[in-house]
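Dear colleague,

Please find below the structure that I am handing over to you. My notes on what was found in it follow.

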Amino acid sequence: MNKQSIYGLTFDRLSSWLLEHGHKKGRAQQVWDWLYRRRVTDFSDMVDVNEDCINVLKEHFAIQTLQEHTKQESADGTIKFLFTLSDGNLIETVLMRHKYGLSVCVTTQVGCNIGCSFCASGLLKKDRDLSSGEIVEQIMNVQLHFDQVGKGERVSHIVVMGIGEPFDNFDNMVDFLEIVKDQKGLEIGPRHITVSTSGLADKIYEFADLKLQVNLAISLHAPNNELRTRIMKINRAIPLEKLMSAIDYYVEKSNRRITLEYILLRDVNDQKEHALELAQLIGDRRAYVNLIPYNPVDEHSQYQRSEEETVLAFYDTLKKNGINCGIRIEHGTDIDAACGQLRSKQIKEGQS
Ligand code: SAH
Ligand code: SF4
């Protein structure tokens with residue numbers, strides 16, 4: 001049986017585990033220092049941890065369970081990593097360079113069952129959830145890459161926007177957040193972390209109650225039920241009324257604004273009437289609309305990206321109607337950096 005990754009244990013869980021196995025609780029901090037500060041990839045390198053403890057850790061855990069399959073670097077510094085999981089499945093992780101730091105986009109599931117009509121990830125049905133360790137390991141592997149480059153760069157931001165629906169893998173995703181935020185370890189500020197969901201309302205309530213202080217983004221993509229159901233079938237089960245109520249609860253509970261993601265699809269949802277309807281739907285809610293240029297996907301040829309003027313006009317209409325919004329800058333378009341594209345391409349090539 002494959003050993004689980006030690007990166008998947010929250011600090012408390014590692015402390016209890018060590019105690020149950022006859023080691024002082026305090027060892028947990030020592031082990032975490034080696035994992036997250038000095039970033040060793042072999043238990044034997046934890047030289048000040050006693051030998052019995054190292055042996056028991058080795059017996060039960062692995063540090064690395066992912067293997068780098070390929071790595072592509074774009075002209076703008078975006079790096080797309082494809083990793084092989086211990087069961088042979090492939091996942092992708094993207095590193096983006098921003099003015100404010102290095103941001104990693106992580107995958108949470110192998111495939112996605114939500115099946116939005118415009119998305120490459122949904123082309124492949126969910127095979128399984130990722131463990132918390134496999135999600136943390138994506139961050140660690142990117143950080144280890146920068147450690148090797150040797151310029152002292154640190155991953156400072158995380159977006160949970162890779163393949164999969166994070167709220168359909170809730171517990172593991174929450175453990176992941178706890179681990180990367182923890183000041184005893186990687187210490188990535190919660191305000192530097194954004195989780196994106198297609199809108200699983202029940203989970204939005206649960207997430208709000210956890211008060212994790214991270215940012216929440218909702219894939220809205222349409223201003224009314226008819227259109228949203230057409231492009232995101234999840235809207236049939238969870239219509240906008242339910243979603244907006246969950247959003248209101250989140251904003252009230254967290255005292256934070258919400259991000260609403262809106263992909264602009266040519267002649268589908270990008271007209272002035274849509275912008276006006278969107279402004280009306282949002283009303284005076286504390287929201288920020290992120291307008292996303294569509295990244296064309298071969299299999300979804302019914303969708304094209306909106307013209308630049310249309311994007312700007314949409315933005316203007318929202319602004320004029322009092323909506324706080326911005327247009328997302330694209331990264332790595334020359335290396336298939338759109339959600340799920342590289343993975344699905346690799347799988348197709350592997351099959352042919
Ligand atoms: N499942 C979650 C998170 C992963 S998708 C969600 O849907 O929110 C992350 C974001 O990328 C979502 O807003 C999604 O709608 C968007 N996206 C998916 N395919 C895209 C494409 N081809 N071009 C641009 N954005 C895309
Ligand atoms: Fe899944 Fe998100 Fe893609 Fe929809 S947009 S299919 S929820 S990954």
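Does Leu220 count as buried or exposed? Before the answer, please note that this is a predicted model. Leu220 has a relative accessibility of 1%, and because buried means under 20%, the residue counts as buried. Its place in the chain is the loop that links β11 (215-219) to α7 (225-231). Apart from neighbours within four places in sequence, Leu220 touches Arg228, Met232, Leu240, Leu243, Leu260, Glu261, Leu278 and Leu281.

Leu220 also appears in a UniProt annotation. The unreviewed entry gives the feature "binding site" at Gly164, Glu165, Ser196, Ser219, Leu220, His221 and Asn295. Of these positions, Gly164 was examined as well. Gly164 sits in the loop between β9 (155-160) and α5 (170-181), and with a relative accessibility of 15% it counts as buried. Its contacts, once neighbours within four places in sequence are set aside, are Thr108, Gln109, Gly111 and Cys112.

A second annotation from the unreviewed UniProt entry, "active site", covers Glu92 and Cys339. Glu92 belongs to strand β5, which comprises residues 90-98. Here too the side of the cut-off is clear: at 4% relative accessibility, Glu92 counts as buried.

The same record lists residues 98-328 as "domain: Radical SAM core", again in an unreviewed entry. In the model, this stretch is 39% helix and 19% strand. The C-alpha atoms at its two ends are 12 Å apart.

Turning to the protein as a whole, the model contains 12 helices and 14 strands. The radius of gyration is 21 Å, close to the 20 Å that the globule rule gives for 352 residues, so the protein is as compact as a globular protein of that length. Measured out along its principal axes, the C-alpha trace spans about 70 × 50 × 35 Å. Buried residues account for 56% of the 352 residues. Among contacts with a separation of 6 or more, 66% are between residues 24 or more positions apart.

The surface and the charges may also be of interest to you. The accessible surface is about 15800 Å², and carbon and sulfur atoms contribute 46% of it. There are 42 positive and 50 negative side chains in the protein, with the centres of the two sets 3 Å apart.

Finally, two residues deserve a look for their backbone angles. Gln213, although not a glycine, has a positive phi of about 70 degrees. Gln213 lies in the loop between α6 (201-210) and β11, and its relative accessible area of 33% makes it partly exposed. Asn255 is likewise not a glycine and has a positive phi of about 55 degrees. This residue is located in the loop between α9 (240-254) and β12 (258-264). Is Asn255 buried or exposed? Its relative accessibility is 57%, and Asn255 therefore counts as exposed.

With kind regards

Notes. Residues are numbered from 1 along each chain as its sequence is written. Chains are lettered from A and ligands numbered from 1 in the order in which they are written. This is a predicted model: local features need pLDDT of at least 70, side-chain atom pairs count only at pLDDT 80 or more; totals for chains, interfaces and linings use all residues. Side-chain values use heavy atoms; hydrogens and water are left out. Helices (H or I, at least four residues) and strands (E, at least two) are DSSP runs, numbered from the N terminus. The radius of gyration is taken over C-alpha atoms; the globule rule is 2.2 Å times the number of residues to the power 0.38. Buried means under 20% relative accessible area, exposed over 50%, partly exposed in between (1.4 Å probe, protein chains only). Contact means heavy atoms within 4.5 Å. Accessible areas come from the Shrake-Rupley method with a 1.4 Å probe; for residues, only the protein chains shown count as cover. Lys and Arg count as positive and Asp and Glu as negative; His and the chain ends are not counted. The place of a charge is taken as NZ of Lys, CZ of Arg, CG of Asp or CD of Glu. UniProt positions are given in the numbering used here, feature names are shortened, and annotations may be inferred rather than shown by experiment.
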